[in-house]
Structures are given as structure tokens and as C-alpha cells.
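Trainee: Before I use the labels on this model, I want to know what stands behind each of them. Can we take them in turn?

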Amino acid sequence: MPYRAPLSDYQFLLDHVVGFDQIAATETFAEASADVVSAILTEAGKMCEEVMAPLQRPGDLEHPRLENGVLRTAPGFAEGWKAISEGGWIGMSGDPDYGGMGLPMTVTSAVNEMMSAACLSLQLAPLMSQGQIEALEHHASDGLKELYLPKLMSGEWSGTMNLTEPQAGSDVGALTSKAEPNGDGTYAVTGQKIYISWGDNDFTENVCHLVLARLPDGMPGTKGISLFLVPKYIPDETGNPGVANDLKVVSLEHKMGLHGSPTCVMQYDGAKGWLVGREHGGMAAMFTMMNNARLGVGGQGVGVAEGAYQHALAYALERKQGKTPSGTIIDHADVRRMLMDMRADTFAARAILLANAAAIDMAQATGDADWAARAALLTPIGKAFGTQTGMRVAETGVQVHGGMGFIEETGAAQYYRDVRVTAIYEGTNGIQAMDLVGRKMMDGGEAASRLLDEIEGQAEQARATLPELAGPVWEATESLRETTEWLVAQGDMNTRFAGATAYLNAFARVLGGHYHLSAALADPDGPRAKLARYYINALLPEHASLLAQAQKEVNDLFALSIEEMAV
């Protein structure tokens with residue numbers, strides 16, 4: 001499907017909204033100058049447009065398959081992976097000592113979003129490798145780093161994440177996979193894992209699995225879990241793939257979407273693995289990978305939103321229906337409403353994700369605890385709102401197409417089918433919301449309060465030039481602050497959880513208003529201000545009803561008995 005990388009949007013956001021200049025001013029990212037970043041985004045956009053986008057539809061129609069235990073990927077995906085790896089797009093934020101570029105996560109996030117828009121099924125593969133790279137950088141031994149990181153960053157080898165089991169989904173502590181010491185520093189890993197994205201392929205020399213399992217002395221629950229690196233082929237004395245390990249792909253899942261991406265059931269039968277991190281410290285190591293993935297998955301949602309918007313806009317510009325000035329449906333008020341909703345929300349979600357990535361970069365570069373807290377606070381919001389935006393925009397894209405949106409040949413439905421799982425994997429959006437009101441509010445709401453102070457401060461300054469936009473943003477922020485204070489005062493976590501999803505969405509709505517206002521201040525007479533006016537007038541008001549929901553009584557949720565629920 002045709003795709004145009006929105007390079008001007010990324011550049012505008014970096015320059016005027018998320019403060020990339022302060023990232024480039026740090027010693028850590030001093031080489032990420034404006035010219036360098038612009039060149040990187042341009043080159044990545046070209047690869048996405050010319051190589052990945054043409055794979056979107058074929059990957060949906062011709063699925064990967066298992067042939068006598070050998071996985072065959074969709075036509076063209078091997079060439080797509082080659083373009084991604086040769087361009088250096090896997091190790092963008094990786095340590096240069098192991099072959100990475102050492103770029104800010106903000107730049108990596110923009111590139112990953114473009115790849116998601118072009119072909120989400122294929123983009124999942126480098127995203128999994130990137131998460132594994134980060135986990136190994138933070139937790140693996142020097143020997144494992146030296147052997148695996150260069151291969152993963154170059155794309156010669158690929159990486160996966162193995163958490164879920166048939167009886168252990170979000171409750172990871174219920175897993176039964178086990179690891180027995182072999183007596184030589186390695187471990188025999190046994191168990192079955194499900195929903196493993198890109199658990200195998202036919203275009204890399206090796207596939208490296210990060211597997212959660214329990215040692216013999218591991219206590220029940222998450223505190224007894226360890227993390228192991230288990231390769232498809234055991235490296236020989238020269239570091240090259242040697243004999244096959246005792247693992248296999250049992251089957252491929254039949255999915256609603258993401259048909260081009262093989263989602264595998266993996267079986268480990270005493271497979272040789274190496275401990276990553278300390279014994280029984282697997283969850284800490286795995287969360288490093290998962291937090292990277294949560295930022296990436298939020299970007300997947302935004303990328304799909306961009307692709308679905310472009311697809312719907314192209315159709316609206318061509319479809320003739322009724323009498324309009326242009327002769328096409330784009331001049332119908334309701335079609336224009338849908339397109340404006342799509343574009344305004346995509347901009348808001350993109351800004352939140354890039355601001356999240358910028359906070360991660362500043363935390364890394366400065367070691368400042370406030371930046372780390374900001375990054376932690378924004379991660380569940382960015383993941384949940386980014387994926388919800390992807391689903392909402394993709395669904396609206398089907399509606400813009402009318403009856404043709406329900407016909408598979410137009411490709412509109414694929415965006416929705418592909419993006420739907422992003423609200424589920426890497427921690428469901430409900431879990432993100434509970435994380436926001438629970439763990440992320442353990443500081444008494446201080447990180448949230450600092451962010452709200454910034455938003456109100458900008459709105460106050462903007463009253464002098466854009467009072468009609470600044471006023472609603474300030475008022476919405478103050479309402480959010482009041483609800484945050486109420487939330488923090490609730491000692492019963494179930495009361496917080498009852499309104500958690502509404503609270504997260506309200507927070508995202510206010511953040512969207514803030515970033516749209518920033519855009520309007522930088523472009524007061526241009527299209528950014530016009531789009532900001534639409535968002536602030538049409539979409540920001542939703543925060544009021546969401547905040548009301550956030551304070552609803554938990555008893556209302558459980559008022560019906562289980563028997564009454566079934567009537």
C-alpha cells in the first residue's frame with residue numbers, strides 16, 4: 001500500500017514540541033545534530049516507502065508456514081529484513097562498542113513508527129531484537145554481550161521474548177518452565193511458551209530467545225523467576241552457529257491480523273541456555289526489555305494510525321458521492337470530521353510517544369531522577385493511548401471507506417486487524433492504567449504534579465497570544481490535578497483501579513492539548529494552529545467525562561452478582 005513518511009511532522013515535533021535540542025546538547029548525544037537526525041529520518045523514510053510498504057498487503061495475503069518443521073516467511077520479507085539490517089536500523093540506540101549507532105531513543109522511536117506504518121508485521125522483528133539488545137546491555141555478562149550484541153545489532157541474528165505460557169498470561173508468576181544447572185555454567189531449559197512473535201524465520205543465521213524459567217530453588221511467584229538466553233543454534237568456539245539446540249516451533253497461531261508475522265508456540269526440551277542477570281532476578285531483566293517494547297508498541301499504534309489516515313484520505317479524495325464543491329466525499333462534513341479526528345489524535349499520540357522517548361534520553365544522558373520519573377510516568381500513557389489511537393483511527397478509516405471498507409480488497413480493514421493486538425501484548429492497556437495509578441503514583445503523585453505544573457505554566461504564558469486555546473488547556477489541567485490528588489488519597493487500590501482506564505485516557509487527552517498548544521505557538525498562522533484549535537475544541541473536552549468516570553464508586557462495578565451478570 002502506498003505510504004509517505006511524515007518527515008515534516010517528526011522534524012516539527014523534535015524542533016518545537018518535545019525539546020530535542022536539550023538532548024543534542026548533552027555530551028551523551030552530542031553527535032545527534034539537527035543535520036544528522038534529518039539525514040537519518042530521510043533515509044529511513046525512503047526505506048519504509050520503497051521497501052517495506054510494498055510488503056504490507058502481500059504479507060497479509062501470503063502467510064508464513066511450517067513445512068516439515070521449517071518456517072517459511074512471507075514472500076519479500078527476507079529482502080525487507082536485509083534492508084532493515086543493512087541500514088543499521090536495528091542497532092540505532094545500541095552501544096557503539098558493540099556495533100550500535102548510539103542514537104537517542106527519540107530518533108529510534110520515530111524510525112520505528114515509520115516502519116510500523118509501512119509494514120507492521122515485519123517491523124515486529126527488529127523491535128523484538130531491539131528489546132533484547134537493551135536487556136543484554138543492562139544485565140548480561142561481558143562474555144554474552146561480546147558474542148551476541150554485535151550479531152543482533154547487525155541483523156545477522158534476531159531476538160525474541162518468551163514470557164507467556166498457556167496457564168500464565170499476565171500472571172507471569174504462574175509459569176512452569178524450569179531451568180536445571182548443567183554443572184558447566186549453562187542451564188537446561190524446559191517448557192512451552194506461546195504467542196512468541198517472530199519465534200523463528202528463514203533469513204537470519206540464528207534466533208536468540210530470552211526465556212523466563214524457574215530454577216530448582218526458585219520460590220513460587222515472580223520473585224523466583226530467572227532469565228535465560230537460549231539460542232536456536234548453539235554458538236561454536238568461533239562464535240558461529242553450531243549444533244541445533246533442543247527447541248522447536250510446535251505450531252503457528254492463526255490470528256485476526258499481523259498475518260505476515262509468525263506467532264509461534266515454542267517448545268524447549270532441556271535446551272541449553274545462559275543466565276542473564278542474577279539468579280531469581282529474571283523479572284527485573286525482562287522488564288528492561290518490556291519497557292523498551294511498551295514504548296515501541298505505542299509507536300506501532302501511532303504508525304498504524306498514520307498509515308490508516310493516509311489510506312482513508314486518499315480514498316476520500318477520489319470517491320465521488322453526492323454533490324460537493326470538489327466532487328468527492330472529502331467535502332462532506334461528517335467525512336471531514338472523521339479525517340480531522342484521525343489526524344488530530346495521531347499528532348497527539350505521536351507527540352506523547354516522542355516526549356516519552358525524550359525523557360528516556362534525558363534520564364540516560366543526565367542521570368537525573370526527575371527525568372527517569374517522567375519517563376516512567378509517560379510509558380503506560382504512551383503505550384495505551386498510542387495503541388488506542390491506532391485502533392480508533394484504523395476503525396474510523398474503515399468508516400471513511402463506507403461499504404468498501406468492509407471489503408478486504410481495499411486494504412482498510414487490514415490496518416484495524418493488524419493493530420488490534422497492540423492493546424493486548426506487552427501488558428494490556430488495562431494493566432498500563434493500573435500501573436499508572438498504582439506503581440507510578442507511589443511517589444504521592446509528585447512526578448505527575450511536576451508535569452502538570454509545566455503544562456499550566458506554558459498555558460499561562462500562551463494566554464497572551466492564544467487565549468482561546470490556552471484557557472481550555474489550563475482548565476483541563478487543573479481538573480486533572482484535582483482528580484490526581486483525589487486518586488493519590490485513595491488507600492484502597494481497587495478504588496484506584498476502578499477508574500484507572502478513564503484516568504489514563506483523561507491524562508492523555510490533556511497531554512494532547514498541551515502538545516497541540518505547543519505546536520500552535522510555534523506555527524500560529526499555519527496548519528498546526530488550525531489542527532490544534534480542532535483538537536482543543538472538539539477532543540479535549542472529553543477529559544471532563546473521563547475524570548468523572550475516574551472517580552466512580554468501585555461498588556458500582558461489582559454491584560451485580562456473578563449470577564446477575566449472566567442473566
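Mentor: We begin with rings: those of Phe, Tyr and Trp (its six-membered ring) pair if their centres lie within 6.5 Å, and planes under 30 degrees apart count as stacked, over 60 as edge-to-face and the rest as tilted. A search of the whole structure gives 6 aromatic pairs. The model is predicted, so local features need pLDDT of at least 70 and side-chain atom pairs count only at pLDDT 80 or more, whereas totals for chains, interfaces and linings use all residues. Residues are numbered from 1 along each chain as its sequence is written, and side-chain values use heavy atoms, with hydrogens and water left out.

Trainee: What makes the pair of Phe 77 and Trp 198 stacked?

Mentor: Their centres are 6.3 Å apart and their planes differ by 25°. The first value is within 6.5 Å and the second is under 30 degrees, so the pair is called stacked. Phe 77 belongs to helix H5 (residues 77-86) and Trp 198 to the loop between strand S5 (187-197) and strand S6 (206-214), so the pair ties together parts 121 residues apart in sequence. Helices (H or I, at least four residues) and strands (E, at least two) are DSSP runs, numbered from the N terminus. Ring pairs also link Phe 77, Trp 81, Trp 198 and Phe 203 into a cluster.

Trainee: Are Phe 77 and Trp 198 buried or exposed?

Mentor: Buried means under 20% relative accessible area, exposed over 50%, and partly exposed in between (1.4 Å probe, protein chains only). Phe 77 has 0% and is therefore buried. Trp 198, at 2%, is buried too. The phi of Trp 198 is near 55°, a positive value in a residue other than glycine. Glu 426 also has a positive phi, near 60°, and it sits in the loop between helix H11 (412-419) and helix H12 (429-437). At 13% relative accessibility, Glu 426 counts as buried.

Trainee: How do you know that S6 is mostly covered?

Mentor: The count is 9 buried residues out of 9. Asn 206, Cys 208, Leu 210, Leu 212 and Arg 214 are buried on one side, and Val 207, His 209, Val 211 and Ala 213 are buried on the other.

Trainee: Why is S6 said to pair with strand S7 (residues 225-231)?

Mentor: Two strands pair if DSSP finds at least two bridges between them. S6 and S7 have 7 bridges, in the antiparallel sense, so they pair. Leu 212 stands opposite Leu 227 in S7. S6 is also joined by 6 bridges to strand S3 (residues 157-162), and these two run parallel. There, Ser 158 stands opposite Val 207 in S6.

Trainee: Which strands pair with strand S11 (residues 263-276)?

Mentor: S5 is joined to S11 by 9 antiparallel bridges, one partner set being Ser 197 and Thr 263. S7 pairs with S11 over 3 antiparallel bridges, with Phe 228 bridged to Leu 275. Strand S10 (residues 247-252) and S11 share 5 antiparallel bridges. In S11, 10 of 14 residues are buried.

Trainee: What makes a space a cavity or a pocket?

Mentor: On a 1 Å grid over the protein atoms alone, a cavity is a set of points where a 1.4 Å probe fits but cannot get out; a pocket is an open set with protein on both sides within 12 Å along at least five of seven lines, and lining residues have an atom within 4 Å of a point. Points are joined across faces, edges and corners, and a volume is the space filled by probe spheres set on them. There are 3 cavities of 30 Å³ or more, and the largest holds about 130 Å³. Its lining has 15 residues, with Ser 109, Asn 112, Leu 295, Gly 296 and Gly 299 nearest the centre. Helix H6 (105-139) gives the most to this lining, 7 residues.

Trainee: How many residues line the second largest pocket?

Mentor: That pocket holds about 540 Å³ and is lined by 23 residues, of which Arg 4, Tyr 309, Leu 313, Arg 343 and Leu 531 are closest to its centre.

Trainee: What makes up the lining of the second largest pocket by residue class?

Mentor: Ala, Val, Leu, Ile, Met, Phe, Trp, Tyr, Cys and Pro count as nonpolar, Asp, Glu, Lys and Arg as charged, and the others, Gly among them, as polar. The lining divides into 12 nonpolar, 3 polar and 8 charged.
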